[in-house]
Amino acid sequence: MRWDERHFATGEPLRTFRHAVCGAELDPDSRCPTCGQVDVPPGDVEAHPGPGIPAEPRQDPVGVALRQRPHRLLQPLL
Ligand SMILES: [Zn+2]
């Protein structure tokens with residue numbers, strides 16, 4: 001469980017995090033269950049829109065971009 005889910009949980013996660021190399025969802029400790037890599041570096045992580053997006057989501061440019069498509073961490077979103 002991530003910090004934001006622990007303290008602001010609404011049920012489902014706003015985002016999921018996947019290993020960009022193989023596409024598997026990472027566990028909370030940044031381990032890839034498919035290829036076994038531990039401590040997947042942030043640059044190899046893709047954030048995907050999750051099932052917990054609220055009915056009235058943020059409308060600012062960053063909030064909109066986060067919901068539209070997956071993106072790699074450490075790369076500019078806009
Ligand atoms: Zn992997």
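## Contacts around Pro 57

Two residues count as in contact here if their C-beta atoms, placed from the backbone, lie within 7 Å. With that cut-off, and with neighbours up to four places away in sequence set aside, Pro 57 is in contact with Gly 63 and Arg 67. Keep in mind that this is a predicted model.

Pro 57 sits in the loop between strand 2 and helix 2. Its C-alpha atom is 9.0 Å from that of Arg 67, a residue 10 positions away along the chain. Is Pro 57 buried, exposed or partly exposed? It comes out as partly exposed, because it has 13 C-beta neighbours inside 10 Å, and a residue is partly exposed when its count falls between the exposed limit of 12 or fewer and the buried limit of 20 or more.

## The overall layout

Zooming out, the chain has two helices and three strands. Going along the sequence, they come in the pattern α-β-β-α-β. Helix 1 covers residues 3–8, and helix 2 covers 61–68. As for the strands, strand 1 takes in residues 15–19 and strand 2 residues 45–49, while strand 3 is just 71–72.

Burial is limited: of the 78 residues in the chain, 8% are buried. As for how the contacts spread along the sequence, take those with a separation of 6 or more: 50% of them link residues 24 or more positions apart.

## The sheet

The three strands form an open sheet in the order 1-2-3, with antiparallel pairing. Strands 1 and 3 stand at the edges with a single partner strand each, so one side of each has no neighbour in the sheet.

How many bridges join strand 1 to strand 2? There are five, and the two strands run antiparallel. Strand 2 and strand 3 are also antiparallel, joined by two bridges. Glu 46 is a handy residue to follow across the sheet: in strand 2 it is the bridge partner of Arg 18, and its own bridge partner in strand 3 is Arg 72.

## Leu 14 and Ile 53

Leu 14 lies in the loop between helix 1 and strand 1. It counts as buried because it has 21 C-beta neighbours inside 10 Å, and 20 or more is enough for that label. Beyond its neighbours within four places in sequence, Leu 14 is in contact with Gly 50, Gly 52 and Ile 53. The C-alpha atoms of Leu 14 and Gly 52 are 4.6 Å apart, although 38 residues separate the two along the chain.

Ile 53 belongs to the loop between strand 2 and helix 2, where Pro 57 is also found. Which residues does Ile 53 touch, not counting those up to four places away in sequence? They are Leu 14 and Arg 67, and Arg 67 is a contact of Pro 57 too. Ile 53 is partly exposed, with 17 C-beta neighbours inside 10 Å. From C-alpha to C-alpha, Ile 53 is 7.9 Å from Glu 12, and the pair is 41 residues apart in sequence.

## After strand 3

Leu 73 is in the segment after strand 3. Leaving out neighbours within four places in sequence, its contacts are Pro 42, Gly 43, Val 45 and Ala 47. For Leu 73 and Val 45, the C-alpha separation is 5.8 Å, with their positions 28 residues apart in the chain. Leu 73 has 15 other C-beta atoms within 10 Å, so it is partly exposed.

Leu 74 is in the segment after strand 3 as well. This residue is exposed, because 10 other C-beta atoms lie within 10 Å, and 12 or fewer puts a residue in that class.

## Positive phi values

If you're checking backbone torsions, two non-glycine residues deserve a mention. Leu 74 has a positive phi of about 70 degrees although it is not a glycine. Ser 30 also has a positive phi, near 65 degrees, and is likewise a residue other than glycine.

Where does Ser 30 lie? Its place is the loop between strand 1 and strand 2. With 16 other C-beta atoms within 10 Å, Ser 30 is partly exposed, whereas Leu 74 is exposed.

Conventions: Residues are numbered from 1 along each chain as its sequence is written. This is a predicted model: local features need pLDDT of at least 70, side-chain atom pairs count only at pLDDT 80 or more; totals for chains, interfaces and linings use all residues. Helices (H or I, at least four residues) and strands (E, at least two) are DSSP runs, numbered from the N terminus. Two strands pair if DSSP finds at least two bridges between them.
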